[in-house]
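The exercises below are meant to be worked with the sequence and the model side by side. Please try each task before reading the solution that follows it.

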Amino acid sequence: GTGRDALAWARLGAGDVTHIEISKENVNRLMNYAKANKVTNLKVIHSDILTVNLDSNAYDIVRSRGVVHHLGFPGLGIARYSKWVKKGGYIHFNLYRGGTFYYYGVKQMRRAIKSEDLPAFIEYIETARIDGDRAGILIDDLFVPTMHNATHALIKKDLTTLKLEIIWPLRGFDEVNHSIVYPDLPEKHEHLQYWVRKNQPHEEPEKISKRLIYHKGVDDIELARLLPEARISLDAFEKFIPLIRNVSCSVRAKIITQIYLFHHYELSKKAMSSLERHKRIADFIYSVMKE
(Lines give C-alpha, C1' and ligand atoms only; values in the text may rest on other atoms or scores of the structure.)
Protein backbone atom coordinates (compact mmCIF):
# COMPACT_ATOMS: atom_id res chain seq x y z
CA GLY A 1 0.00 0.00 0.00
CA THR A 2 0.97 3.61 0.52
CA GLY A 3 3.33 2.81 3.41
CA ARG A 4 1.38 4.31 6.31
CA ASP A 5 1.92 1.21 8.46
CA ALA A 6 5.61 1.06 7.62
CA LEU A 7 6.05 4.70 8.60
CA ALA A 8 4.19 4.06 11.85
CA TRP A 9 6.52 1.17 12.77
CA ALA A 10 9.58 3.27 11.88
CA ARG A 11 8.39 6.21 14.00
CA LEU A 12 7.36 4.03 16.93
CA GLY A 13 10.95 2.92 17.41
CA ALA A 14 11.56 -0.13 15.24
CA GLY A 15 15.27 -0.43 14.47
CA ASP A 16 14.78 -1.28 10.81
CA VAL A 17 11.61 -1.52 8.76
CA THR A 18 11.30 -3.13 5.32
CA HIS A 19 8.25 -2.20 3.24
CA ILE A 20 7.30 -4.24 0.14
CA GLU A 21 4.91 -2.77 -2.41
CA ILE A 22 3.90 -3.85 -5.91
CA SER A 23 3.00 -0.34 -7.14
CA LYS A 24 5.98 1.63 -8.42
CA GLU A 25 4.07 4.88 -7.92
CA ASN A 26 3.51 4.10 -4.23
CA VAL A 27 7.15 3.07 -3.80
CA ASN A 28 8.45 6.31 -5.28
CA ARG A 29 6.05 8.40 -3.21
CA LEU A 30 7.08 6.69 0.03
CA MET A 31 10.80 6.85 -0.73
CA ASN A 32 10.56 10.56 -1.53
CA TYR A 33 8.57 11.20 1.64
CA ALA A 34 11.04 9.28 3.81
CA LYS A 35 13.97 11.18 2.30
CA ALA A 36 12.31 14.56 2.71
CA ASN A 37 11.40 13.81 6.33
CA LYS A 38 14.72 12.17 7.26
CA VAL A 39 13.20 8.74 8.02
CA THR A 40 16.40 6.69 7.85
CA ASN A 41 15.26 3.34 9.31
CA LEU A 42 12.87 2.51 6.47
CA LYS A 43 13.78 0.43 3.40
CA VAL A 44 11.29 0.35 0.53
CA ILE A 45 11.29 -2.47 -2.02
CA HIS A 46 9.34 -2.55 -5.28
CA SER A 47 8.38 -6.21 -5.65
CA ASP A 48 5.76 -8.96 -5.29
CA ILE A 49 5.28 -10.81 -1.99
CA LEU A 50 5.39 -14.15 -3.82
CA THR A 51 8.72 -13.47 -5.59
CA VAL A 52 10.66 -10.93 -3.48
CA ASN A 53 13.98 -12.22 -2.14
CA LEU A 54 14.32 -11.47 1.60
CA ASP A 55 16.68 -13.02 4.15
CA SER A 56 15.41 -15.99 6.15
CA ASN A 57 14.97 -15.62 9.93
CA ALA A 58 15.70 -11.89 9.68
CA TYR A 59 12.69 -10.13 11.20
CA ASP A 60 11.19 -9.88 14.68
CA ILE A 61 7.73 -9.11 13.25
CA VAL A 62 6.15 -9.52 9.84
CA ARG A 63 2.97 -7.50 9.41
CA SER A 64 0.58 -7.92 6.49
CA ARG A 65 -2.61 -5.84 6.38
CA GLY A 66 -5.09 -6.23 3.55
CA VAL A 67 -2.68 -8.25 1.41
CA VAL A 68 -3.07 -12.02 1.86
CA HIS A 69 -6.49 -12.31 0.17
CA HIS A 70 -5.18 -10.48 -2.91
CA LEU A 71 -2.26 -12.86 -3.50
CA GLY A 72 -2.42 -15.38 -6.32
CA PHE A 73 -1.53 -18.12 -3.81
CA PRO A 74 -2.34 -16.82 -0.30
CA GLY A 75 -1.03 -19.88 1.55
CA LEU A 76 2.37 -19.49 -0.09
CA GLY A 77 2.42 -15.86 1.01
CA ILE A 78 1.90 -16.86 4.65
CA ALA A 79 4.61 -19.53 4.29
CA ARG A 80 7.01 -16.88 3.00
CA TYR A 81 6.19 -14.60 5.95
CA SER A 82 7.09 -17.50 8.22
CA LYS A 83 10.40 -17.98 6.42
CA TRP A 84 11.37 -14.34 6.93
CA VAL A 85 10.49 -14.10 10.63
CA LYS A 86 12.94 -15.23 13.34
CA LYS A 87 12.32 -18.20 15.60
CA GLY A 88 10.24 -16.77 18.45
CA GLY A 89 9.12 -13.91 16.21
CA TYR A 90 5.57 -12.91 15.34
CA ILE A 91 3.44 -12.56 12.23
CA HIS A 92 0.36 -10.35 12.20
CA PHE A 93 -2.01 -10.56 9.25
CA ASN A 94 -5.64 -9.99 8.37
CA LEU A 95 -7.81 -11.07 5.47
CA TYR A 96 -11.35 -10.95 4.15
CA ARG A 97 -13.63 -13.37 5.97
CA GLY A 98 -15.63 -15.67 3.75
CA GLY A 99 -19.15 -16.56 4.85
CA THR A 100 -20.36 -13.02 5.63
CA PHE A 101 -23.26 -11.23 3.95
CA TYR A 102 -21.02 -8.38 2.85
CA TYR A 103 -18.63 -10.50 0.81
CA TYR A 104 -21.49 -12.67 -0.43
CA GLY A 105 -22.98 -9.57 -2.05
CA VAL A 106 -19.63 -8.40 -3.40
CA LYS A 107 -18.99 -11.79 -4.99
CA GLN A 108 -22.44 -11.78 -6.60
CA MET A 109 -21.83 -8.34 -8.11
CA ARG A 110 -18.38 -9.36 -9.33
CA ARG A 111 -20.16 -12.10 -11.29
CA ALA A 112 -22.38 -9.47 -12.90
CA ILE A 113 -19.67 -7.15 -14.27
CA LYS A 114 -17.24 -7.55 -17.16
CA SER A 115 -13.55 -6.67 -17.25
CA GLU A 116 -14.17 -3.90 -19.79
CA ASP A 117 -16.71 -2.18 -17.52
CA LEU A 118 -14.23 -0.15 -15.45
CA PRO A 119 -14.25 3.05 -17.61
CA ALA A 120 -18.06 3.04 -17.62
CA PHE A 121 -18.15 2.70 -13.82
CA ILE A 122 -15.71 5.58 -13.41
CA GLU A 123 -17.77 7.74 -15.79
CA TYR A 124 -21.01 6.98 -13.95
CA ILE A 125 -19.42 7.60 -10.53
CA GLU A 126 -18.21 11.02 -11.71
CA THR A 127 -21.54 11.89 -13.33
CA ALA A 128 -23.52 10.81 -10.26
CA ARG A 129 -21.05 12.68 -8.00
CA ILE A 130 -20.56 9.73 -5.67
CA ASP A 131 -18.13 10.81 -2.95
CA GLY A 132 -14.52 9.70 -3.11
CA ASP A 133 -14.55 7.23 -0.21
CA ARG A 134 -17.59 5.38 -1.52
CA ALA A 135 -16.25 5.41 -5.05
CA GLY A 136 -12.88 4.07 -3.97
CA ILE A 137 -14.36 1.21 -1.94
CA LEU A 138 -16.70 0.27 -4.79
CA ILE A 139 -13.92 0.17 -7.39
CA ASP A 140 -11.68 -1.82 -5.05
CA ASP A 141 -14.36 -4.39 -4.20
CA LEU A 142 -15.58 -4.92 -7.74
CA PHE A 143 -12.44 -4.61 -9.86
CA VAL A 144 -9.47 -5.76 -7.78
CA PRO A 145 -8.14 -8.68 -9.86
CA THR A 146 -7.83 -11.22 -7.04
CA MET A 147 -10.08 -11.71 -4.00
CA HIS A 148 -9.52 -14.99 -2.14
CA ASN A 149 -11.67 -14.83 1.00
CA ALA A 150 -11.14 -17.52 3.64
CA THR A 151 -12.71 -19.14 6.67
CA HIS A 152 -11.07 -19.64 10.04
CA ALA A 153 -11.08 -23.43 9.55
CA LEU A 154 -9.13 -23.08 6.29
CA ILE A 155 -6.54 -20.71 7.80
CA LYS A 156 -6.15 -22.80 10.95
CA LYS A 157 -5.26 -25.90 8.90
CA ASP A 158 -2.51 -24.08 7.04
CA LEU A 159 -1.13 -22.47 10.20
CA THR A 160 -0.92 -25.95 11.73
CA THR A 161 0.90 -27.27 8.65
CA LEU A 162 3.31 -24.33 8.90
CA LYS A 163 3.87 -25.06 12.63
CA LEU A 164 2.72 -21.55 13.54
CA GLU A 165 1.12 -21.04 16.95
CA ILE A 166 -2.02 -18.88 17.06
CA ILE A 167 -1.53 -16.33 19.85
CA TRP A 168 -4.68 -14.35 19.09
CA PRO A 169 -7.62 -14.77 18.65
CA LEU A 170 -8.24 -17.69 20.97
CA ARG A 171 -11.84 -18.27 19.91
CA GLY A 172 -13.49 -19.93 16.97
CA PHE A 173 -15.58 -18.44 14.17
CA ASP A 174 -18.77 -19.52 12.45
CA GLU A 175 -18.16 -20.81 8.95
CA VAL A 176 -21.04 -18.70 7.67
CA ASN A 177 -22.73 -15.77 9.46
CA HIS A 178 -24.79 -13.23 7.51
CA SER A 179 -25.82 -11.21 10.57
CA ILE A 180 -22.40 -9.57 11.00
CA VAL A 181 -22.32 -5.81 10.44
CA TYR A 182 -19.74 -4.37 8.05
CA PRO A 183 -17.50 -3.01 9.42
CA ASP A 184 -18.06 -4.68 12.78
CA LEU A 185 -16.01 -2.24 14.85
CA PRO A 186 -13.92 -2.20 16.94
CA GLU A 187 -12.75 -5.76 16.26
CA LYS A 188 -13.95 -6.00 12.66
CA HIS A 189 -15.34 -9.50 12.89
CA GLU A 190 -16.12 -9.39 9.17
CA HIS A 191 -12.36 -9.82 8.70
CA LEU A 192 -10.14 -12.59 10.04
CA GLN A 193 -7.14 -11.30 11.97
CA TYR A 194 -4.28 -13.23 13.59
CA TRP A 195 -1.18 -12.88 15.69
CA VAL A 196 0.90 -16.05 15.28
CA ARG A 197 4.32 -17.07 16.61
CA LYS A 198 7.03 -19.07 14.89
CA ASN A 199 8.33 -21.60 17.39
CA GLN A 200 10.11 -23.90 14.95
CA PRO A 201 11.16 -23.77 11.29
CA HIS A 202 9.42 -25.63 8.48
CA GLU A 203 10.31 -26.69 4.96
CA GLU A 204 11.04 -24.11 2.28
CA PRO A 205 7.81 -22.27 1.32
CA GLU A 206 7.71 -23.56 -2.26
CA LYS A 207 8.03 -27.16 -1.00
CA ILE A 208 5.57 -26.99 1.88
CA SER A 209 3.09 -25.05 -0.27
CA LYS A 210 2.12 -28.35 -1.91
CA ARG A 211 0.45 -29.31 1.38
CA LEU A 212 -1.30 -25.97 1.93
CA ILE A 213 -5.00 -25.62 1.10
CA TYR A 214 -5.39 -21.82 0.95
CA HIS A 215 -5.17 -21.46 -2.83
CA LYS A 216 -8.36 -19.83 -4.13
CA GLY A 217 -10.12 -19.28 -0.82
CA VAL A 218 -13.77 -20.16 -0.28
CA ASP A 219 -16.86 -19.70 -2.43
CA ASP A 220 -19.06 -17.19 -0.57
CA ILE A 221 -22.03 -17.97 -2.78
CA GLU A 222 -21.82 -21.70 -2.05
CA LEU A 223 -21.48 -20.93 1.66
CA ALA A 224 -24.67 -18.88 1.46
CA ARG A 225 -26.50 -21.99 0.25
CA LEU A 226 -26.04 -23.35 3.78
CA LEU A 227 -28.49 -20.69 5.00
CA PRO A 228 -32.19 -21.33 4.27
CA GLU A 229 -32.94 -17.60 4.48
CA ALA A 230 -30.45 -16.87 1.70
CA ARG A 231 -32.52 -18.74 -0.88
CA ILE A 232 -34.57 -15.69 -1.82
CA SER A 233 -31.55 -13.56 -2.76
CA LEU A 234 -29.74 -16.49 -4.38
CA ASP A 235 -32.74 -16.89 -6.69
CA ALA A 236 -32.90 -13.15 -7.36
CA PHE A 237 -29.23 -12.95 -8.35
CA GLU A 238 -29.53 -16.03 -10.58
CA LYS A 239 -32.33 -14.32 -12.52
CA PHE A 240 -30.65 -10.90 -12.51
CA ILE A 241 -27.08 -11.68 -13.57
CA PRO A 242 -27.80 -13.11 -17.08
CA LEU A 243 -29.97 -10.08 -17.80
CA ILE A 244 -27.53 -7.44 -16.59
CA ARG A 245 -24.65 -8.97 -18.54
CA ASN A 246 -26.60 -8.44 -21.78
CA VAL A 247 -27.07 -4.67 -21.45
CA SER A 248 -24.59 -1.93 -22.36
CA CYS A 249 -21.58 -1.16 -20.15
CA SER A 250 -23.03 2.21 -19.16
CA VAL A 251 -26.38 0.74 -18.10
CA ARG A 252 -24.63 -2.08 -16.24
CA ALA A 253 -22.41 0.42 -14.42
CA LYS A 254 -25.39 2.49 -13.30
CA ILE A 255 -27.47 -0.46 -12.06
CA ILE A 256 -24.66 -2.37 -10.34
CA THR A 257 -23.48 0.83 -8.63
CA GLN A 258 -26.98 1.41 -7.25
CA ILE A 259 -27.23 -2.18 -5.99
CA TYR A 260 -23.73 -2.03 -4.50
CA LEU A 261 -24.41 1.18 -2.58
CA PHE A 262 -27.71 -0.20 -1.25
CA HIS A 263 -26.03 -3.48 -0.26
CA HIS A 264 -23.06 -1.75 1.38
CA TYR A 265 -24.60 1.25 3.13
CA GLU A 266 -28.24 0.31 3.73
CA LEU A 267 -27.89 -3.39 4.55
CA SER A 268 -24.34 -4.36 5.51
CA LYS A 269 -23.69 -1.39 7.80
CA LYS A 270 -26.92 -1.71 9.79
CA ALA A 271 -27.73 -4.35 12.38
CA MET A 272 -30.53 -6.63 11.19
CA SER A 273 -31.25 -10.31 10.85
CA SER A 274 -29.82 -12.39 8.06
CA LEU A 275 -33.35 -13.06 6.81
CA GLU A 276 -34.15 -9.35 6.56
CA ARG A 277 -30.93 -8.65 4.66
CA HIS A 278 -31.61 -11.32 2.06
CA LYS A 279 -35.24 -10.28 1.66
CA ARG A 280 -34.36 -6.61 1.19
CA ILE A 281 -31.56 -7.18 -1.32
CA ALA A 282 -33.83 -9.55 -3.28
CA ASP A 283 -36.65 -6.98 -3.29
CA PHE A 284 -34.22 -4.30 -4.48
CA ILE A 285 -32.95 -6.50 -7.32
CA TYR A 286 -36.49 -7.37 -8.44
CA SER A 287 -37.44 -3.67 -8.40
CA VAL A 288 -34.46 -2.89 -10.63
CA MET A 289 -35.41 -5.73 -13.00
CA LYS A 290 -38.93 -4.31 -13.38
CA GLU A 291 -37.49 -0.96 -14.40
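**Exercise 1. A pair of strands and their sheet**

In which sense do β3 and strand β4 (residues 85–96) pair, and over how many bridges?

Solution. Keep in mind throughout that the model is a predicted one. Begin with the pair itself: β3 and β4 run alongside each other in the parallel sense, and five bridges connect them. One of these partnerships can be located by residue, since V62 has I91 in β4 as its bridge partner. Next, widen the view to the whole sheet, which is open and made of four strands in the order β3-β4-β6-β5, with mixed pairing. At its edges lie β3 (59–64) and β5 (164–168), each of which pairs on one side only. Finally, consider the twist: on average, and with direction ignored, neighbouring strands of this sheet are turned by 25 degrees against each other.

**Exercise 2. A residue within β4**

Decide whether N94 is buried or exposed, and list its contacts beyond four places in sequence.

Solution. First place the residue, which belongs to strand β4. Its relative accessibility is 12%, and because buried means under 20%, N94 counts as buried. Then collect the contacts: with neighbours within four places in sequence left aside, N94 is in contact with S64, R65, G66, V68 and H69, and also with H191, L192 and Q193. As a last step, check a residue from another part of the chain, N26, which is 68 residues away in sequence; the C-alpha atoms of N94 and N26 are separated by 21 Å.

**Exercise 3. Two enclosed helices**

How many of the residues of α4 are buried, and how many of those of helix α3 (residues 74–84)?

Solution. Start with helix α4 (residues 101–112), whose 12 residues reach 17 Å from the first C-alpha to the last, close to the 16 Å expected at 1.5 Å a residue. Of these 12 residues 11 are buried, so α4 is largely enclosed by the rest of the structure. The buried positions include the aromatic run F101, Y102, Y103 and Y104 as well as K107 and R110. Turning to α3, 10 of its 11 residues are buried, and the helix is mostly covered. Among the buried residues of α3 are P74, L76, I78, R80, Y81 and W84.

**Exercise 4. A helix crossing**

At what angle do the axes of helix α6 (residues 132–143) and helix α11 (residues 249–268) cross, and which residues meet there?

Solution. Two packed helices are described by the angle between their axes and the distance between the axes. Here the axes of α6 and α11 come within 11 Å and cross at roughly 105 degrees. Angles of 65 to 115 degrees count as roughly perpendicular, and α6 and α11 are therefore roughly perpendicular to each other. On the α6 side the contact is made by R134, I137, L138, D141 and L142, which meet I256, T257, Y260, L261, H264 and Y265 in α11. Sorted by character, the residues of this contact are seven nonpolar, two polar and two charged.

**Exercise 5. Backbone features in the loops**

Which peptide bonds around P169 and P186 are cis, and what phi values do N57 and K188 have?

Solution. Take the cis bonds first: one joins W168 and P169, with omega about 5 degrees, and another joins L185 and P186, again with omega about 5 degrees. P169 lies in the loop between β5 and β6 (191–198), and P186 is placed in that loop too. Next comes the positive phi of K188, about 55 degrees although this residue is not a glycine. K188 is also found in the loop between β5 and β6, where it counts as partly exposed at 28% relative accessibility. N57, likewise not a glycine, has a positive phi near 50 degrees. Its place is in the loop between β2 (42–46) and β3, and N57 counts as partly exposed, at 43% relative accessibility.

**Exercise 6. A loop residue and its contacts**

Which residues does L227 touch, not counting those up to four places away in sequence?

Solution. Locate L227 in the loop between α9 (220–224) and α10 (231–244). This residue is buried, with a relative accessible area of 14%. The residues that L227 touches are V176, H178 and S274. For H178, 49 residues away along the chain, the C-alpha atom is separated from that of L227 by 8.7 Å.

Technical notes: Residues are numbered from 1 along each chain as its sequence is written. This is a predicted model: local features need pLDDT of at least 70, side-chain atom pairs count only at pLDDT 80 or more; totals for chains, interfaces and linings use all residues. Side-chain values use heavy atoms; hydrogens and water are left out. The expected span of a helix is 1.5 Å times one less than its number of residues. Buried means under 20% relative accessible area, exposed over 50%, partly exposed in between (1.4 Å probe, protein chains only). Two strands pair if DSSP finds at least two bridges between them. Axes are lines fitted to C-alpha atoms, for helices over the stretch in contact, and angles run from 0 to 180 degrees between N-to-C directions. Angles under 35 degrees count as roughly parallel, over 145 as roughly antiparallel, 65 to 115 as roughly perpendicular and the rest as oblique. Contact means heavy atoms within 4.5 Å. Ala, Val, Leu, Ile, Met, Phe, Trp, Tyr, Cys and Pro count as nonpolar, Asp, Glu, Lys and Arg as charged, and the others, Gly among them, as polar.
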